[in-house]
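Colleague: I am new to this structure and would love a close look at a single part of it. Could you take one helix and walk me through its surroundings?

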Amino acid sequence: MLDAERIRADFPILSCRTNDKPLIFLDSAASSQKPAAVLEAMDAAYRTCYANVHRGVYALSEEATRYYEEARDKVTAFINAAAREEVIFTRNATESINLVAYAWGRKALGPGDRILATEMEHHSNIVPWQLLAQETGAELRYLPITDAGELQLDALDDLLDERVKLMAFTLMSNVLGTITPAAEIVRRAHAVGATVLVDGAQGVPHLPVDVQALGCDFLAFSAHKMCGPTGIGVLYGRRALLEAMPPFLGGGDMIRRVELHRATWNDLPWKFEAGTPPIVEGIGLGAAVDYLNRLGMDAIAAHERDTARYAMERLSALPGLHIVGPPADRRGGVIAFTFRAIHPHDLAHLLDTEGIAVRAGHHCAQPLHARLGLNATTRASFYVYNTRADADRLAEGLEHVAHMLGKAV
Amino acid sequence: MTPSPYRERILDHYQRPRHRGSLEAPLAVGEIDNPVCGDQVRIAVRLDADERVTAAFDGEGCILSMAAASMLAEHVQGRPLSDVRALTDQDILDLMEVELGPVRVKCALLPLRALQAALEELEDR
């Protein structure tokens, strides 16, 4: 079991106060806080070994390049990719998915083809496919969810046939917390010849992920949700697919040779990394991977399951509180709920005055909220640095809000 | 520290909204959504012989948007159209006596946007 109290000391921001109260940060599903190890690695990079990468012949640039590319090796090992060439640095998970839609989808899809997503996707795993469908004439369909907030796997057989060229789904819902049976879905989608993209934005920071065991063709995730900085994300792609794809963005670093009217592309992974990359962010991501590895992804997942189970017990005991999504044993540390008739914006605002940071709204999953018959929910999300005490503070905060609003709501 | 906007006066307007409901024979109706939370506000407007405003609101939303709608509807009753047209975002915050961050300010201004949409419709008439 993780020692969350000791882990808290690794995160400088957690000793800050907000609204004159100790900060209880419960919005890591939106973006996680950063441990000192990441901040220090990035600070040291700017202070002692910063220069542009892949260009300079001087020692400083070579050193920066080495650190940046070492980060790629760390990510490669972290997700157990077969080769570093399969790990593309992007801006974030959203850009990773858009890269696939643009560079793979426009060639691979045509009229009559189908894209299969699910009803629990984040907008970033819906809108790129809408754009792609509009452009190629392909049809976008959705695997439905159950009322309990899990994928209706028995509907998969009806929806999966050889017309489905792409299946795109999340490893963990950012609203329901649902952990999807990803390896099974990948296997069934592959059986009809579909290419499979897994949205790992929520899953990768919280669960051990092995892309070879998972079998997916693409995996997208962001550094900022896994203790790393903003501005850098990852696209894992199977080498054969990446090699067949045209570039995403054109510019420096992604080319081998440029003439006035044509160019040839650099090798993988740089073919997809045009322009000066987020160098120091890459180094920060590498430090975040080191940090998560030190704690152990199995231990992190177990800690979050335990904290979420406890939080669900505490919250469910409050009259008028309704949690959306499956039971604790089938979810990660994301708990979205409604509380009496209190509007999520009012609730989040009032909790903030108690020092408790939660998210309110549709959490970039409007179709999912429509399916649930809700406009908005309030979401508390837990990470390595959250404790049972945070769940207690949340439950007390909710009681306080209920008391304060009295009969008004 | 910014004082909480959830004071008695705001809660009172939320609990006992003024001028909520529909308006008989409205001249214009403005409707607006806050896509972030699905809130909706509708404001119906009528003018009497000397261009004075009668307004009623309806909708669903958070305490701030609903209290703002009630306070705005109360504020504009019987006022000359020209005064109502001149209302600014700051006027609403002054009316509510609140200070709000960039996200919550949208909630408070939703009713004014609905009213402005109604006034635009009046102009097009």
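Modeller: Happy to; here is a walk along one helix of chain B, α5(B), followed by its surroundings and a few places in chain A.

This is a predicted model, in which local features need pLDDT of at least 70 and side-chain atom pairs count only at pLDDT 80 or more, while totals for chains, interfaces and linings use all residues. Residues are numbered from 1 along each chain as its sequence is written, and chains are lettered from A, and ligands numbered from 1, in the order in which they are written.

Helices (H or I, at least four residues) and strands (E, at least two) are DSSP runs, numbered from the N terminus. The helix α5(B) has 21 residues. From its first C-alpha to its last, α5(B) reaches 31 Å, close to the 30 Å expected at 1.5 Å a residue; that expected span is 1.5 Å times one less than the number of residues. Along the way α5(B) bends by about 40° at L110(B), and the proline P111(B) follows within four residues. Such a bend is the angle between axes fitted to the seven residues ending at a residue and the seven starting there.

Which residues of α5(B) are buried? They are R104(B), C107(B), A108(B), L109(B), L110(B), P111(B), L112(B), A114(B), L115(B) and A118(B). A residue is buried if 20 or more other C-beta atoms lie within 10 Å of its own, exposed if 12 or fewer, and partly exposed in between, with C-beta atoms placed from the backbone. The cover over these residues includes β1 (28-34), β2 (39-47), β3 (53-60), α2 (63-76) and α4 (89-96) of chain B, together with α13 (344-352) of chain A.

Two of those covering helices also pack on one another: α2(B) and α4(B) meet at an angle of about 100°, with their axes 10 Å apart. Axes here are lines fitted to C-alpha atoms, for helices over the stretch in contact, and angles run from 0 to 180 degrees between N-to-C directions. The two helices α2(B) and α4(B) are therefore roughly perpendicular, a term for angles of 65 to 115 degrees, with under 35 roughly parallel, over 145 roughly antiparallel and the rest oblique. On the α2(B) side the contact is made by A67(B), A68(B), M71(B), L72(B) and H75(B), and on the α4(B) side by I92(B), L95(B) and M96(B). Two residues are in contact if their C-beta atoms, placed from the backbone, lie within 7 Å. By class, this contact of α2(B) with α4(B) has seven nonpolar, one polar and no charged residues. Ala, Val, Leu, Ile, Met, Phe, Trp, Tyr, Cys and Pro count as nonpolar, Asp, Glu, Lys and Arg as charged, and the others, Gly among them, as polar.

Now for the partner chain: 14 residues of chain B are in contact with 13 residues of chain A. On the chain B side, α1 (8-15) and α5 (104-124) each supply at least two residues, and α1(B) gives the most, with three. That side of chain B divides into nine nonpolar, four polar and one charged residue.

Finally, chain A itself. A117(A) is found in strand β5 (residues 114-118) and is buried, with 23 other C-beta atoms within 10 Å. C16(A), in the loop between α1 (4-8) and β1 (17-18) of chain A, counts as exposed, with 11 C-beta neighbours inside 10 Å.
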